[in-house]
Amino acid sequence: EMKIGIILFREEAFFKREIVYEDQIVIDVEITKASNDYSRWSLRHHLYKNGDTLAATLNVDGAWIDMSKRKLTVPNEFIQAVFSTIPKSEDFEVVPGGKKEKNI
């Protein structure tokens with residue numbers, strides 16, 4: 001509907017513990033880097049098994065792509081608002097890529 005999608009530049013996984021079929025898995029997410037308009041971003045996911053055992057950490061770097069033009073784009077205000085609700089990591093940093101400089 002919005003004609004934009006996610007493009008991933010990098011995925012990195014650190015596996016700490018085995019996960020088996022019976023394990024209960026909880027995944028959290030935090031944003032570690034972002035441009036001021038969320039056109040570029042990095043997310044860190046933690047996978048916990050059975051409540052408190054860290055099983056894996058996943059890091060991804062991404063951006064938004066205009067599906068019609070096949071070019072990187074700035075997300076609309078709705079997507080920016082959604083991304084602004086993602087918890088920021090303790091080591092969060094603002095990175096270049098946005099159109100206007102402001103703190104997020």
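Which residue stands opposite D66 in β5? The exercises below lead there. This is a predicted model: local features need pLDDT of at least 70, side-chain atom pairs count only at pLDDT 80 or more, and totals for chains, interfaces and linings use all residues. Residues are numbered from 1 along each chain as its sequence is written, and side-chain values use heavy atoms, with hydrogens and water left out.

**Exercise 1. Find the partner of D66 and describe its surroundings.**

Step 1. Start with the pairing. D66 stands opposite K71 in β5. Strands (E, at least two residues) are DSSP runs, numbered from the N terminus.

Step 2. Place the two strands. Strand β5 covers residues 71-73 and pairs with β4 in the antiparallel sense over three bridges. Two strands pair if DSSP finds at least two bridges between them.

Step 3. Look at the turn. Four residues lie between β4 and β5 in this hairpin. R70 in the turn has a positive phi of about 60 degrees.

Step 4. Check K71 itself. K71 is exposed, with a relative accessible area of 55%. Exposed means over 50%, buried under 20%, partly exposed in between (1.4 Å probe, protein chains only). K71 touches W64, I65 and D66, not counting residues up to four places away in sequence. Contact means heavy atoms within 4.5 Å.

**Exercise 2. Decide whether D61 is buried or exposed, and list what it touches.**

Step 1. Locate D61. It is found in strand β4, residues 53-66.

Step 2. Apply the cut-off. D61 has 18% relative accessibility, so it counts as buried.

Step 3. List its contacts. D61 touches I7, L8, F9, R10, W41 and S42, leaving out residues up to four places away in sequence.

Step 4. Single out S42. The side chains of D61 and S42 make a polar contact at 2.6 Å. A polar contact is a pair of N or O atoms within 3.5 Å; within protein, one must be able to donate a hydrogen and the other to accept it, and residues adjacent in sequence count only if both atoms are side-chain atoms.

**Exercise 3. Explain why β4 is described as largely enclosed, and name its other partners.**

Step 1. Count buried residues. In β4, 11 of the 14 residues are buried, so the strand is largely enclosed by the rest of the structure.

Step 2. Take β1, residues 4-15. It runs antiparallel to β4, joined by 11 bridges. G5 stands opposite I65 in β4.

Step 3. Take β3, residues 40-49. It pairs with β4 in the antiparallel sense over 10 bridges. Y48 has L54 as its bridge partner in β4.

Step 4. Finish with the β3–β4 hairpin. Three residues lie between the strands, and N50 in the turn has a positive phi of about 55 degrees.
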